[in-house]
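Okay, thanks for coming, everyone. I've got one structure to walk through today, so let me put it up on the screen.

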Amino acid sequence: MPRLHVDRLRSGDGSEDEYRVVERTGLAAWDATTALTVVGRPYPRVEGAEKVTGRACYAGDVRLAGLLHARVLRSPLPHARIRRIDTAAAEALPGVHAVLGTHSAPAIRWYPDGLLFDRTLRFVGDEVAAVAAESEETAADALRLVAVEYEPLPFVVGLEAALRPEAPPVREGGNLVGPPKVYARGDAEAALREAPVVIDETYTTQTALHNCLEPHGCTATWDGERLTLWDSTQSVFDVRERVAETLGLPEHRVRVIKHHMGGGFGSKQIAWKHAVIAALLARRAGRPVRLMLDREAENLAAGNRNATRQRVRLGATRDGTLTAISARIEQDTGAYLVGGEGSNTSAIYQTLYRCPNVTTEQVGVYTNTGPAVAFRAPGHVEGAFALESAMDELARALDMDPLALRLRNYAEADQRRGRPYTTPDGLRLCYERAAAEFGWRRDRRPSGQGSRRRGIGMAAHDWGGSGYPPGYAWVKLNGDGSAEVVTGTQDIGTGTRTGLTQIAAEELGLPLERVLLHLGDTATGVYAPVSAGSATQATIGPAVRAAAAEARRQLLEAAATMLEAAPADLQLREGTIRVAGAPDRALDVADVTRRIAPHMIQGHGARGPNPDGKAVRTFGAQCVEVEVDVDTGEVSVLRVVASHECGRIVNPTLVDSQVLGAVTQGVGFALMEERVVDAGGVVLNANLEEYKVPTAPDVPAVVHARVDRPDPEANATGAKGIGEPPLVPTAPAIANAVFDAVGVRIRHTPLSRRRLLAALAAHRPEPA
Amino acid sequence: MRPFAYASPRTADEIIALLTPGSAGADGASRPLAGGTDLLTLMKADVATPSRLVDIKRAGLPKGIEETPPGLVVGGLTTLAQIETHPAVRARYPALAEATAVAATAQLRNVATVAGNLLQRPRCWYFRNPRIACWLKGGDHCPARDGENQLHAILGGGPCHAVHPSDVAPALVALDADARLRGPGGERTVPVEGLFAAPEGGRRRETLVGSDELLLALRLPPADGSRSTYLKSMDRKVWAFALAGVAARLRLDGRRVAEARIVLGGVAPVPWRAHEAERALEGAEAGPAAWDRAANAALTGAAPLRHNAYKLPLARALVRRALESLAT
Ligand SMILES: Cc1cc2nc3c(=O)[nH]c(=O)nc-3n(C[C@H](O)[C@H](O)[C@H](O)COP(=O)(O)OP(=O)(O)OC[C@H]3O[C@@H](n4cnc5c(N)ncnc54)[C@H](O)[C@@H]3O)c2cc1C
Ligand code: SF4
């Protein structure tokens, strides 16, 4: 049975052909009728006790003998050239062991057009020099002793300013990242001309900061020519590849470890400069180096969600059938392309509703501010705010219920490729569950008495989260009947360890406690891709299942001999192997493994292909109720009902946690979070005091109206992703509810008090 | 943070000696350290660069709340948490209890002292950013004036437009509290209101308390049938400085307002005593008409900057609401 499929993806010039290797597993998918005992249960996180007792070791917690602490000097100017840099005084400071800067660092290429330490600096926070010293304080003192002469260059801050013809160029060639990305099906312009009802509005979304609890950073140590990095990353293999390549090391001499993660949200899905800087400092100093970003650096130079300006036009017939969707999107890329910005704001316009005429045009714009990077459902969050606000406006214009309007334009296939969804009724189920749980109704009652007005709103979304090959896992059975799973993925705080352990335990027929999963280590793990795109469970889950199935097959073969039965007649549950129909003929798994020890049963597993000719997607809808205080502009989100179709729910507690966390971030995005940059290019709120994230009292009661329905066509476990999706609809649902409450449409996030009070004042002139 | 020396004297006299330029052992750049929640963050941001911190917590200075019927004395070292939970404060001086309860966070209130709260520096995000020079830090202009001034003053601004950040100060001013100070020349007592003055000319600070003076205690006069409250508006539910705050105190004589105090926070470089509003109230009949008049009068002379006009309706609404709540 040929299991390895090697496809030629694209032909280059001879040696540059690209191949994709996909292993087929032949496993029958767990579908809705499969009786599962471990999968589907709300186990607490397997690493929970470690975390709450403070024993979990994060990248910055690694304590090595002789550890040095590094700090980075950052550009005070938004655009400048380094004329001269003198680090002599810093190097002479007692306790300083290594200093790096443009003058002394190797010329390592970084970004498409720069160096690790470049003479040209393009934002306040750009890396100028780095110091490793006995303590962080000494390193900070040393940075003050670095003398730099800057030649200030003209700069530009903000999307609109950067688009002006006379705007100073962030780099040669102007401020457009490239030609606009254009998508078209049908003829949206013609359809708009003919549409009886047209919505034509411009929406903006702000630059939002990830503010992971654990900042970016790593601890680096050399052992001869072998480098080990404990990095706070969503992708140990990508970091290994990048670090090996930039330092000219073979990959097997670079080991990247990530055991626990205090949040990444996309900002850690690429290799950042700090990993290479720490490695270089450690080599120079001959001692291990810890380089963790402080909160300011985190908020200046470790990525952000790009601000957008979106002109949206919707055309519809009077019965609410969409005839045209057109979006022109500009987004603030910041100073550099970091390789993981990937905000495809256009996508949701192309897929969420059935519509024959769709045009999207998206352009990235350089500005002299910190670079953008993926942030939980990048692009979709921004796009959904505009599209789902516009849909609400359309519903109002048509005097139609917003839910009815959405159902009228229901899409059952991915219209970009003409492929039906594996769950064509997925979104419909979400609408039904959310509406039923919320008590959604057409609501046109006068919006309350006095200054406190209530309103309801809703929004929908789709997203990927299908997972994809390749991705691998191993399973080993020990002599005592315990099992270990090894994979090279990482648990970025979402509960990957637990979800994958459940998959392995289920397939192995073992209780959860008898299975331990190892991940986050390139030296011991097999390849797994970046933990991003809500893909990890759906990518590695099937690989783990395949590995466990292979181990199970071997185990049953061994047991068959001992029980004098055919392997096919054996049942394996809760650690016991029984002969079907003969309950007294049974063995514990440990009885088998002990008797064959020291032979070790090993299973290898791979992620199989996604289905041919069909599109695997996730969907969701949220309904919210808000109370708006029209005197003070305060918006209180009273309740959110969230319903999301993510296939099989492997662990309800973990999925609920993702929903709760995402809605929380959605409340922040909707109401308070916004990076503020002064005209001089300095970020004024690169801290957790002035950059407001939601606090516990800001977070509403969140009801997760679960849609727990396996998607067996998606993969062998039937589970899809949930990490990002629940963030997507929260902000537009809140904005729509605010409109419902006070009759004022805010087309700009966040809906701060300042914006709301200004809009209310304009709407209803104040009595003098 | 830059290196600094540390002293922890056992008497007030020793503290003051260390703070007084020219006296033995002093070097002119010592600062008293109470809870450190403001001072240390300023040092980390390189805004304050004292050569020595003089810890004032071991010198037996007044700490805690002493009932001196019919009034109350609050030691300068009293934490906000102690004030917020004190039964007499809650019963007789609700404005103070409410203001402390909505300041900062529970963790901070456990260490933040009331003296430190009154003497905290502005939160202006230009001022606190080490990358930016500004007038209050000794520079030659105010970047907030034409910059990102959404959080800045609408009243009494210029040359500095930062707002006084304290929630506690407006409450103490509304309650007619006095402050007892001690310096090299002995003790003096001034109204809390008199501790503050908008920075100007060569005095680039918001307080008239000398750098060699200690704020020992606050004395609250008898409540005398007054009712008081503090309302605060923030960018989120908790843990934020006031976009606007109002401390209001009313003494009613039947349906007439016998005495009124309206003090705004978060809108001016000092806790802003709204004299015009008080005048509009005193002698007036309690009711919506008076509250509206007072709310409008409170903002007399307001001059919003480009991004903070929203604070006008906000402050008005808070004044109206505060008065309504006191009269029902
Ligand atoms: C994150 C955060 C949020 C906050 N939010 C709020 C808020 O919402 N509302 C609010 O009102 N405040 C808020 N604060 C301010 C907080 O209340 C003050 O930082 C605190 O009260 C200061 O007290 P401290 O004892 O820590 O003072 P310190 O930091 O020790 O001192 C502050 C200043 O006062 C001087 N000083 C202290 N005691 C004396 C004394 N007895 N005599 C003379 N000088 C003295 C010090 O030298 C220093 O200059 C917040 C602070 C933080 C950090
Ligand atoms: S408002 Fe005051 S503190 Fe802020 S920048 Fe201007 S002068 Fe400096």
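Let's begin with ligand 1, and with where it sits. Domain 1 (1-60) and domain 2 (227-326) of chain B each contribute residues to the shell around ligand 1, so ligand 1 lies between the two. Before I go further, keep in mind that this is a predicted model. The domain assignment of chain B gives just that pair of ranges, 1-60 for domain 1 and 227-326 for domain 2. Taken over C-alpha atoms, the centres of those domains of chain B are 37 Å apart.

So who is around ligand 1? The shell has 31 residues, and the ones that come nearest are Pro32(B), Gly36(B), Thr37(B), Thr113(B) and Asp167(B). If you sort that shell by class, you get 18 nonpolar, eight polar and five charged residues.

Now for the polar contacts, which I guess is what you'd want for setting up a pose. Thr37(B) has a side-chain N or O atom 2.6 Å from an oxygen atom of ligand 1. With Asp38(B) we're looking at the backbone instead: one of its N or O atoms there is 2.8 Å from an oxygen of the ligand. And Leu215(B) also uses a backbone N or O atom, at 2.8 Å, but this time the partner is a nitrogen atom of ligand 1.

How much of ligand 1 does the protein cover? On its own the ligand has 970 Å² of accessible area, and the protein covers 96% of that. As for secondary structure, the elements of chain B that give two or more residues to this shell are strand S2 (30-33), helix H7 (114-118) and strand S8 (214-220).

On to ligand 2. Here the shell has 13 residues, and coming nearest are Cys124(B), Cys134(B), Cys142(B), Cys160(B) and His161(B). By class, that's 11 nonpolar, two polar and no charged residues.

Okay, over to chain A. It has 18 helices and 32 strands. Its radius of gyration is 27 Å, close to the 27 Å that the globule rule gives for 768 residues, so chain A is as compact as a globular protein of that length. Along the principal axes, the C-alpha atoms of chain A fill a box of roughly 90 × 75 × 55 Å.

How is chain A divided into domains? Domain 1 is 3-58 + 467-607, domain 2 is 62-153 + 213-263 + 268-301, domain 3 is 161-210 + 304-411, and domain 4 is 422-466 + 613-768. Between the C-alpha centres of domain 1 and domain 3 of chain A there are 41 Å.

One last bit of detail, from a sheet in chain A. Three strands make an open, antiparallel sheet in the order S8-S4-S10. Why does one side of S8 (120-121) and of S10 (147-152) lack a neighbour in the sheet? Both strands stand at the edges with a single partner strand each, so one side of each is left without a neighbour.

And in the middle of that order, S4 (residues 80-86) of chain A is joined to S10(A) by six bridges, while S4(A) and S8(A) pair over two bridges. Look at Arg81(A) if you want a landmark: it stands opposite Glu151(A) in S10(A), and also opposite Thr120(A) in S8(A).

That's my tour, happy to go back to any of it.

Terms used:
Residues are numbered from 1 along each chain as its sequence is written. Chains are lettered from A and ligands numbered from 1 in the order in which they are written. This is a predicted model: local features need pLDDT of at least 70, side-chain atom pairs count only at pLDDT 80 or more; totals for chains, interfaces and linings use all residues. Side-chain values use heavy atoms; hydrogens and water are left out. Domain bounds come from an automatic or database domain assignment. Two strands pair if DSSP finds at least two bridges between them. Helices (H or I, at least four residues) and strands (E, at least two) are DSSP runs, numbered from the N terminus. A residue is near a molecule or strand if one of its heavy atoms lies within 4 Å of it. A polar contact is a pair of N or O atoms within 3.5 Å; within protein, one must be able to donate a hydrogen and the other to accept it, and residues adjacent in sequence count only if both atoms are side-chain atoms. Accessible areas come from the Shrake-Rupley method with a 1.4 Å probe; for residues, only the protein chains shown count as cover. Ala, Val, Leu, Ile, Met, Phe, Trp, Tyr, Cys and Pro count as nonpolar, Asp, Glu, Lys and Arg as charged, and the others, Gly among them, as polar. The radius of gyration is taken over C-alpha atoms; the globule rule is 2.2 Å times the number of residues to the power 0.38.
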